Amino acid sequence: IISELKAAAEVLPAKQSAEKMGRATNGAANSYLGFAYLTRAYEETAQTQTFLTESIIALDKVQGYQLVKDYVSMFNGTNKNSVESVFELQFSENTSNGAFYRTALHFWMAASELGGWDEILPTDMLMNEFKKEGKIATTGNYDSRLYSNVFFKDPYFNDPANPRIFGETYDDKFGTTDKPAFRKYLPPTQEQMDTEFLGMNVPLMRYSNVLLMKAEALNELQRSGEAIPFINLVRDRADMPNMVGTSYEAVKAQIEHERIIEFPLENFRFYDLRRWGKTKSALDAVGRTNFDPAKNNFYPVPLTEIQNN
């Protein structure tokens, strides 16, 4: 994996032309190279220092990106391949010549009250993590990422002068129920929500991840002071004040907090927990007590591959 990502980084362009928009760049290759080294640093402890340093070298090469202030726009189809997007899964509304590059992801993600299938809802753990710093954002609300990721019972979503859930308030949609529901991967209008298939992209690697991985590698190298500015960049986009604390432990805890609320539904949490040796404790905390790290930390070889071999 390392050698292939390095080879790809050397030949891929920094930016693709308009007709090749969405194809991999050297930024994408270096982001995943940094992720691979960061993972190895925890798993191959004899080379931890080397792999952390290599991770930073790779992530430092991810240039030309910036954070998008309108977080939700990256997930609702209105800002595809944004300046924050390092790599994303491409979908399209184009159906010419029988093309079908659309998805029904919005139905999987949406609550039944919004016209979805009620397949997935925010956990209490996630909501508590979002709210634990209180309403200290410069907006006077909770961390702005909460409002971009989740519809929930809050004055922000119950303002009749500015109905923010498909043109209605939270109470209009959910009645007396206090039911947090995901906003991420939903389109901006009810008409689009009711459409069978949509062409919204799915971000796979964002620049915020590059910044937080870099902060983590620096902190693990005991360079906590250098890590903090990267964390604060991500917090500033969410209208949050600078983090409190400067120690290794404070930065480590802050990184975990930021990664939980920065990447809901983006498929990083399990890999974060495994990297930090926290899979079992995190699952135990929510009543999932049958997890055995020795057996379950890595996915099994698929039965089809076993049969083929």
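Start by selecting α11 (248-262) and α12 (residues 269-276) in this predicted model. Look along the pair: their axes come within 10 Å and cross at roughly 160°. An angle over 145 degrees counts as roughly antiparallel, so α11 and α12 are roughly antiparallel to each other. The crossing of α11 past α12 is left-handed.

Now show side chains on both helices. From α11, pick Lys-252, Ile-255, Glu-256, Arg-259 and Ile-260; these meet Arg-269, Asp-272, Leu-273, Arg-275 and Trp-276 of α12. If you colour this contact by residue class, you will find 4 nonpolar and 6 charged residues, with no polar ones.

Stay here and centre on Glu-256, which sits in helix α11. Is Glu-256 buried or exposed? Its relative accessibility is 15%, and the cut-off for buried is under 20%, so Glu-256 counts as buried. Leaving out residues up to four places away in sequence, Glu-256 touches Arg-269, Leu-273, Trp-276 and Lys-278.

Next, move to the loop that joins α11 and α12, and select Leu-265 there. Check the backbone: Leu-265 has a positive phi of about 65°, although it is not a glycine. With 25% relative accessibility, Leu-265 counts as partly exposed.

There is another residue of this kind to visit. Go to Asn-81, in the loop between α3 and β1 (85-89). The phi of Asn-81 is near 50°, again a positive value in a residue other than glycine. Asn-81 has a relative accessible area of 22% and is partly exposed.

Now for a second helix pair: select α1 (2-11) and α2 (26-43). At what angle do the axes of α1 and α2 cross? They cross at roughly 155° and come within 8 Å. α1 and α2 are therefore roughly antiparallel to each other, and α1 passes α2 in a left-handed crossing.

To see what fills this contact, display Ile-2, Leu-5, Lys-6, Ala-8 and Ala-9 on the α1 side. On the α2 side, add Asn-26, Ala-29, Asn-30, Tyr-32, Leu-33, Ala-36, Tyr-37 and Arg-40. By class, the contact of α1 with α2 comprises 9 nonpolar, 2 polar and 2 charged residues.

Keep those helices on screen and turn to the largest nonpolar core, which has 38 residues. Select Tyr-207, Ile-231 and Val-251, the members that touch the most other members of this core. Which helices each supply at least two residues of this core? They are α1, α2, α3 (48-60), α9 (207-220), α10 (224-237) and α11. Colour α9 on its own, as α9 gives the most to this core, with 8 residues.

Then zoom in on Tyr-207. Setting aside its neighbours within four places in sequence, Tyr-207 is in contact with Val-62, Tyr-65, Gln-66, Leu-67, Glu-84 and Val-86.

For the last stop, look apart from the largest core, where another core of 32 residues lies. Ala-111, Tyr-142, Ile-165 and Leu-186 are among the residues of this other core, and selecting these four will bring you to it.

Key
Residues are numbered from 1 along each chain as its sequence is written. This is a predicted model: local features need pLDDT of at least 70, side-chain atom pairs count only at pLDDT 80 or more; totals for chains, interfaces and linings use all residues. Side-chain values use heavy atoms; hydrogens and water are left out. A nonpolar core is a set of buried Ala, Val, Leu, Ile, Met, Phe, Trp, Tyr and Cys residues joined through side-chain atoms within 4.5 Å. Buried means under 20% relative accessible area, exposed over 50%, partly exposed in between (1.4 Å probe, protein chains only). Helices (H or I, at least four residues) and strands (E, at least two) are DSSP runs, numbered from the N terminus. Contact means heavy atoms within 4.5 Å. Axes are lines fitted to C-alpha atoms, for helices over the stretch in contact, and angles run from 0 to 180 degrees between N-to-C directions. Angles under 35 degrees count as roughly parallel, over 145 as roughly antiparallel, 65 to 115 as roughly perpendicular and the rest as oblique. A crossing is left-handed if the near helix is turned anticlockwise from the far one by less than a right angle, and right-handed if clockwise. Ala, Val, Leu, Ile, Met, Phe, Trp, Tyr, Cys and Pro count as nonpolar, Asp, Glu, Lys and Arg as charged, and the others, Gly among them, as polar.
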